[in-house]
Amino acid sequence: MARAMISGSQGSGKTRALVGSDGEPGCLHDAKGLVTLFCSPDQIESNEALERFQKNAPDGAPHALQIFGRSQPDPRNEAEQMCMVSDLAEAGGAAGQSVLTSLCSDCPFSATCGYLQQERT
């Protein structure tokens, strides 16, 4: 399976090339039949990139989905984190454990977990 990574210095136009600008689509708008992972350094830049992708998307462009990390504020309730036990989840992940099988499967918050809800959507 072919993979590609785009890297470059800050301000060189990587995001513009991917998500488009000024009503012109970017190369991700042509990524039909592919799964693309677009990583941003923080939630603010992620929000901006998603907004630009959607604003510049022509008819028939692939759907975009924003995934929030476990310790990020839950957009459904900004007073809570996506995962109610994100400290435990991050510690387990750092120790090499599968968080989904070692923690999420038995978590008392799993039914209302914002992080897991993303997978159900």
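**Exercise 1. Find which residues form the negative surface patch, and place E45 within the fold.**

Solution. The negative surface patch is made up of D42, E45, E48 and E51. To be eligible, a residue needs over 30% relative accessible area and no salt bridge, and like charges are joined within 9 Å. Asp and Glu are the residues counted as negative, with the charge placed at CG of Asp or CD of Glu. Next, locate E45: helix α2 (residues 43-55) holds it. Helices here are DSSP runs (H or I) of at least four residues, strands are E runs of at least two, and both are numbered from the N terminus. Finally, check exposure: E45 has a relative accessible area of 38%, so E45 is partly exposed. The classes are buried under 20%, exposed over 50% and partly exposed in between, using a 1.4 Å probe and protein chains only.

A word on the model before moving on: it is predicted, so local features need pLDDT of at least 70 and side-chain atom pairs pLDDT 80 or more, while totals for chains, interfaces and linings use all residues. Residues are numbered from 1 along each chain as its sequence is written, and side-chain values use heavy atoms, leaving out hydrogens and water.

**Exercise 2. Work out how β1 and β2 are arranged.**

Solution. Start with the strands: β1 covers residues 73-74 and β2 covers residues 77-81, and they pair in the antiparallel sense over two bridges. Pairing requires that DSSP finds at least two bridges between the strands. Now look across the pair, where P73 faces Q81 of β2. Then follow the chain: two residues lie between β1 and β2, and the strands form a hairpin.

**Exercise 3. Find the salt bridge and compare the exposure of its partners.**

Solution. Searching the whole structure gives one salt bridge, defined as a side-chain nitrogen of Lys or Arg within 4 Å of a carboxyl oxygen of Asp or Glu. The partners are R76 and D74, whose closest N and O atoms are 2.8 Å apart. Now take each partner in turn. R76 has a relative accessible area of 53% and is therefore exposed. D74 has 4% relative accessibility, so D74 counts as buried.

**Exercise 4. Describe the backbone and surroundings of D22.**

Solution. Begin with the backbone: D22 is not a glycine, yet has a positive phi of about 50°. Most residues other than glycine have a negative phi. Next comes the place: D22 sits in the loop between α1 (14-19) and α2. Last, its relative accessible area is 76%, so D22 is exposed.

Technical notes. Patches are made of residues with over 30% relative accessible area and no salt bridge: like charges are joined within 9 Å, nonpolar side chains (Val, Leu, Ile, Met, Phe, Trp, Tyr) within 5 Å. Accessible areas come from the Shrake-Rupley method with a 1.4 Å probe; for residues, only the protein chains shown count as cover.
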